[in-house]
Amino acid sequence: LKFKIQVPAVKQAMTKVRSGYLTLELCEALLKCFPTDEEVEQMEPYKNRIRELGPIETFFLEISQIPRAKPRLELLALRAGFVDEAAETRRLLETCRDAASELRSNQKFEKMMHVILSLGNALNDGTSHVASGFKMDSLPKLGETCSSDNKTTLLSYLVSTIKAKMPEILDAFDHLQNVNAHTQIDICSLRPRVETLRERIKQGEREVDKATESSWREFQQDLNLFVRKGDRQVKVLEQLLEQMEGEVRDTLLYYGESKTE
């Protein structure tokens with residue numbers, strides 16, 4: 001543990017949460033080195049002979065004697081990092097929601113998809129491979145498909161064709177700012193992220209209810225306010241999640257894509 005702290009100071013900071021002593025970094029550091037039940041049991045015989053223990057063993061023994069120390073530290077860690085986590089989650093949800101909406105409403109992008117389909121069918125002219133559509137995940141193949149002399153790609157030919165015949169759609173991607181940002185987001189991780197926040201708030205509510213000791217009154221009062229506020233903020237995130245998933249689903253259906261792919 002890189003922080004030079006004393007367990008009594010930790011306990012006082014936990015009961016007096018308004019001090020701001022227990023930062024997110026410190027809470028996480030304490031939780032990482034928190035003793036297991038087995039380690040605590042090994043220290044039990046030394047409860048009255050604490051001077052015989054080394055600094056690490058002393059730390060294990062002293063912190064294990066704080067009532068419900070680990071779940072309360074977890075709640076304080078949630079409180080310390082909640083504002084940033086909720087704000088980042090909201091940003092990700094709004095970016096994905098707006099990206100899906102942009103794709104569905106961008107007529108220039110849609111026209112470009114029609115041009116790509118027509119180009120593909122023109123290349124397959126005279127064969128039985130005439131398509132009524134294509135999968136979006138096949139688009140990277142445009143840059144991989146080369147001419148017979150390997151001097152140009154299908155993507156280069158597409159760009160030159162659009163420049164010559166449909167220059168008005170060249171700026172289609174200028175109206176897809178959120179789509180560009182969305183490429184850095186793992187959309188499948190967003191629901192678990194919101195659900196984890198919800199579960200941690202529920203755990204926090206249960207922990208606050210158990211803080212009935214008189215010396216933990218400030219902890220109970222302050223953390224009760226936090227979990228109530230956190231509950232409201234998570235409800236907003238849950239609503240945004242539903243909006244985002246609805247927009248993505250509608251966009252996939254609009255372009256004939258399967259939501260499971």
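A contact means that heavy atoms lie within 4.5 Å of each other. Keep this term in mind during the tour of this predicted model.

**Whole chain.** Begin by selecting the entire chain and displaying it as a cartoon. Among its contacts between residues at least 6 apart in sequence, 76% join residues at least 24 apart. The cartoon shows 10 helices and zero strands, so the radius of gyration deserves attention next: at 29 Å, it is well over the 18 Å that the globule rule gives for 261 residues, and the chain is therefore more spread out than a compact globule. Reduce the display to the C-alpha trace, which spans about 90 × 40 × 30 Å along its principal axes.

**Surface.** Now display the surface of the chain. About 16,300 Å² is exposed, and carbon and sulfur atoms supply 50% of this area. Buried residues account for 33% of the 261 residues.

**Charged side chains.** Select the charged side chains and colour them by sign. There are 38 positive and 42 negative side chains, and the centres of the two sets are 5 Å apart.

**Cysteines.** Finally, select cysteine 27 and cysteine 33. Why do the sulfurs of these two residues form no bond? The sulfur of cysteine 33 is the closest cysteine sulfur to that of cysteine 27, yet the distance is 12 Å, which is too far for a bond. Cysteine 27 is buried, with a relative accessible area of 0%. Move next to cysteine 96, which is in no disulfide; the nearest cysteine sulfur belongs to cysteine 188 and is 9.9 Å away. Cysteine 96 is also buried, its relative accessible area being 1%. The disulfide count is zero.

Key
Residues are numbered from 1 along each chain as its sequence is written. This is a predicted model: local features need pLDDT of at least 70, side-chain atom pairs count only at pLDDT 80 or more; totals for chains, interfaces and linings use all residues. Side-chain values use heavy atoms; hydrogens and water are left out. Helices (H or I, at least four residues) and strands (E, at least two) are DSSP runs, numbered from the N terminus. The radius of gyration is taken over C-alpha atoms; the globule rule is 2.2 Å times the number of residues to the power 0.38. Buried means under 20% relative accessible area, exposed over 50%, partly exposed in between (1.4 Å probe, protein chains only). Accessible areas come from the Shrake-Rupley method with a 1.4 Å probe; for residues, only the protein chains shown count as cover. Lys and Arg count as positive and Asp and Glu as negative; His and the chain ends are not counted. The place of a charge is taken as NZ of Lys, CZ of Arg, CG of Asp or CD of Glu. A disulfide is a pair of cysteine sulfur atoms within 2.5 Å.
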